[in-house]
Amino acid sequence: MDRAKMMISPAVPPRFVHWKTLLLFSIVIWILSFFALDGGEDFIAGVGWILITISIGWATSLPPFIIGKLPLSPWVIATFISLLIYQLTEDTDPTLALKAWPLIAAVFIAVMEGFKSRSPENSPPLLSRTSLVTIILIHVLLSCWIELYILLVQQMENNPELNPSITRPRSAFLQPASSLLHAKNHNFLKLDEQF
């Protein structure tokens with residue numbers, strides 16, 4: 001009996017409003033989604049996914065997961081939301097979740113900083129928050145680089161001139177003009193000599 005208590009005690013939340021409570025609710029909802037009927041399982045699993053996202057985001061905003069003054073929770077929440085976006089847009093645009101991840105993280109960083117500075121005495125003027133603006137712009141730049149990488153990969157896969165693994169018939173290759181002139185150079189000279 002003591003062993004069971006020892007194994008269960010880390011999963012039991014110390015109070016009702018705690019991140020472990022949301023985690024337990026999300027697990028219960030996820031298990032219930034297996035028993036749902038008539039297409040409701042996707043909705044129930046989505047609610048469970050949102051609860052686990054909030055739970056893990058809450059857990060990663062606590063002291064072991066804080067680097068400097070910035071918690072890891074915006075990036076973790078953005079990762080979970082991006083996975084949900086990928087599941088929903090897998091057939092139409094599979095790269096949307098990857099491109100949206102830095103932007104979602106930047107939004108959560110801005111929201112968290114906004115909540116931190118709710119009181120006017122703690123809040124510096126908006127224009128002096130250069131670090132927040134820098135972090136947001138870095139995330140926008142990262143999203144642009146990801147988009148550029150995806151575009152280059154798609155071009156390399158689709159463009160035969162850039163992809164050496166695509167085989168084409170020999171006639172499709174461009175012949176350099178110098179090789180054409182050298183091959184027919186004697187014919188031009190003979191034509192000139194006849195006139």
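Which helices are included in what covers the buried residues of α6? Among them are α4 (73-89) and α5 (96-116), where buried means under 20% relative accessible area with a 1.4 Å probe, protein chains only. The model is predicted, so local features need pLDDT of at least 70 and side-chain atom pairs count only at pLDDT 80 or more, while totals for chains, interfaces and linings use all residues. Residues are numbered from 1 along each chain as its sequence is written, and side-chain values use heavy atoms, leaving out hydrogens and water.

Helix α6 covers residues 130-158, 29 in number; helices are DSSP runs of H or I, at least four residues, numbered from the N terminus. From first C-alpha to last, α6 reaches 42 Å, close to the 42 Å expected at 1.5 Å a residue, the expected span being 1.5 Å times one less than the number of residues. Its buried residues are Leu132, His139, Ser143, Ile146 and Ile150. An α-helix has 3.6 residues a turn, so residues three or four places apart point the same way.

The axes of α4 and α5 come within 8 Å and cross at roughly 145 degrees; axes are lines fitted to C-alpha atoms over the stretch in contact, with angles from 0 to 180 degrees between N-to-C directions. Contact means heavy atoms within 4.5 Å. Residues of α4 that meet α5 include Trp75, Ile81 and Tyr86, and those of α5 include Trp101, Phe108 and Met112. The contact residues divide into 15 nonpolar (Ala, Val, Leu, Ile, Met, Phe, Trp, Tyr, Cys and Pro), four polar (the others, Gly among them) and no charged (Asp, Glu, Lys and Arg).

Key
Helix = DSSP H or I, 4+ residues; strand = E, 2+ residues; numbered from the N terminus. Buried < 20%, exposed > 50% of the residue type's maximum accessible area, 1.4 Å probe, protein only.
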